[in-house]
Amino acid sequence: MTRTSNPTRREFISNGLAASGALALGVSAAELGTAHAQRTRFRGGLDQGSERRGITGPGSLKAHASARGLLTGAAVEAQLLATNPSVEKIVVDQYSILVAENSMKMGPMRPTPDTFSFEAGDALVAFGDAHGIKVRGHNLCWHSQLPAWFNSVATKDNAHQLLVDHIRTVAGHFKGKLQSWDVVNEAVQISDGRPDGLRNGPWLKLLGPDFISLAFRTAREADPNVLLTYNDYGIETDHPDDVKKRAAVLQLVRDMKANNVPIDAVGIQSHIHAGWSTSDGNGLREFMRRIREMGLKIFVTEMDVNDDQIKSEDPADIDLAVAKTYREYLDLMMQEPALAVVITWGVTDAHTWLAGRRRPNQTQQPTPPQRPLPFDAQNQPKEAFYAMRQSFDSRSGVTLR
Ligand code: XIL
């Protein structure tokens with residue numbers, strides 16, 4: 001394929017921006033209308049005072065989401081909640097579901113081959129119980145963030161038992177306490193070149209493709225009522241890479257269903273970039289329809305909007321562009337009846353895994369920090385917050401199954 005027919009992700013996003021005429025790289029006030037007019041749009045025309053009063057209770061994200069049959073939440077750690085009262089307040093006010101950003105992954109969970117570290121996960125569940133917030137588990141089986149001892153301990157002979165023991169113990173420990181588990185995370189990687197599109201990761205190398213069904217069946221035995229999710233990224237846009245990956249994920253889920261592997265939901269991570277445009281939506285829409293027709297739910301599991309495509313370094317411009325992308329993306333997701341959960345990967349811009357990933361195309365140092373989340377680093381709601389709320393409202397009329 002030529003570069004023209006197979007653009008890089010960056011070129012693809014730029015082309016989409018130009019084609020949509022909405023946000024040229026180097027977003028300008030002239031193209032966007034005034035910043036104030038745009039902000040007013042996202043804030044529903046409310047003034048600053050009533051706006052601030054209006055974001056909790058009936059004005060909260062969770063109230064707007066629940067009115068449309070959705071849970072909404074964020075990735076966070078109990079440690080941050082315990083030490084940062086501002087973040088704790090946002091979480092209690094806004095969210096109906098939480099997920100541990102790192103502490104329930106195999107690496108943090110397994111300091112040694114014989115020990116399990118449940119404290120951080122237990123603390124998050126306790127926080128959820130205290131505030132009526134659900135918790136989802138992330139994750140039981142992944143190629144990344146494995147324990148330091150993994151490579152020297154895991155062999156083809158013991159990997160089956162290692163995976164089963166891990167899932168039995170961890171899912172068993174949290175039995176009845178979680179809304180869902182990401183059982184397998186990111187098992188598809190087209191560039192690894194396998195015909196089935198599966199990632200040539202550690203679990204596949206040790207166990208072959210059956211590690212996926214083994215993980216799901218073991219999770220189901222350990223916790224019969226928790227929703228079991230396959231979670232992946234890079235399946236959101238109509239970039240040729242995403243189109244291929246989406247097809248491989250769909251085939252994986254189809255095969256699982258055909259083999260009676262217990263799976264209840266597909267997680268679409270939704271780490272997208274500002275400039276995502278509705279021209280990117282058709283493939284995703286179709287993918288979600290097919291997932292729904294197999295009887296599965298859809299979760300947006302890790303949403304954030306990377307602003308590295310926006311040339312302006314003015315926070316107001318960046319926030320508008322990020323909010324526009326939240327709105328367009330979530331409006332599309334809201335049309336899908338199987339959508340049940342919308343989670344952002346972090347609460348405020350002060351704690352985002354994207355920190356430090358700003359603008360690889362720019363040499364200027366230091367570059368301004370990323371602004372990918374609905375609350376800013378001073379814990380204030382941003383345009384993206386209002387965009388999320390408005391998107392939830394747009395779900396009116398969608399018939400839930
Ligand atoms: C990220 C965390 O946010 C970081 O703190 C950590 O250093 C690396 O992992 N997809 C996933 C998440 O499924 O687990 C990742 O979380 C982000 C990408």
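This report walks through the ligand site, a helix pair and two backbone details of a predicted model.

## The ligand and its shell

Let's start with the ligand. Its surroundings comprise 13 residues, and the closest are E101, K105, H138, E302 and W345. By character, the shell splits into 6 polar, 4 charged and 3 nonpolar residues.

Three side chains deserve a look if you are setting up polar contacts. K105, one of the closest residues, places a polar side-chain atom 2.8 Å from a ligand oxygen. N102 also has a polar side-chain atom facing an oxygen atom of the ligand, at 3.0 Å. For E186, the partner is a nitrogen atom of the ligand, which lies 3.1 Å from an N or O atom of that side chain. As for cover, the ligand taken alone exposes 410 Å², and the protein buries 77% of that area.

## A helix pair

Next, the packing of two helices. Helix α16 spans residues 315-334 and helix α17 spans residues 383-393; their axes are 8 Å apart and meet at an angle of about 15 degrees. Because angles under 35 degrees count as roughly parallel, α16 is roughly parallel to α17. The crossing of α16 and α17 is right-handed.

## Backbone details to check

H138 appears again here: this residue, among those closest to the ligand, is joined to N139 by a cis peptide bond with omega of about -5 degrees. N139 sits in strand β3, which covers residues 134-141.

The loop between β3 and α10 (150-153) contains Q145. Although Q145 is not a glycine, its phi is positive, near 50 degrees.

Conventions:
Residues numbered from 1 in each chain as written. Predicted model: local features only at pLDDT ≥ 70, side-chain atom pairs only at ≥ 80, totals over all residues. Heavy atoms only, no water. Near = heavy atom within 4 Å. Polar contact = N/O pair within 3.5 Å; in protein donor to acceptor, adjacent residues only side chain to side chain. Areas by Shrake-Rupley, 256 points an atom, 1.4 Å probe, with all protein chains shown as cover. Nonpolar A, V, L, I, M, F, W, Y, C, P; charged D, E, K, R; others polar. Axes fitted to C-alpha atoms, helices over the stretch in contact; angles between N-to-C directions. Helix = DSSP H or I, 4+ residues; strand = E, 2+ residues; numbered from the N terminus. Parallel < 35°, antiparallel > 145°, perpendicular 65-115°, else oblique. Left-handed = near helix turned anticlockwise from the far one by under 90°.
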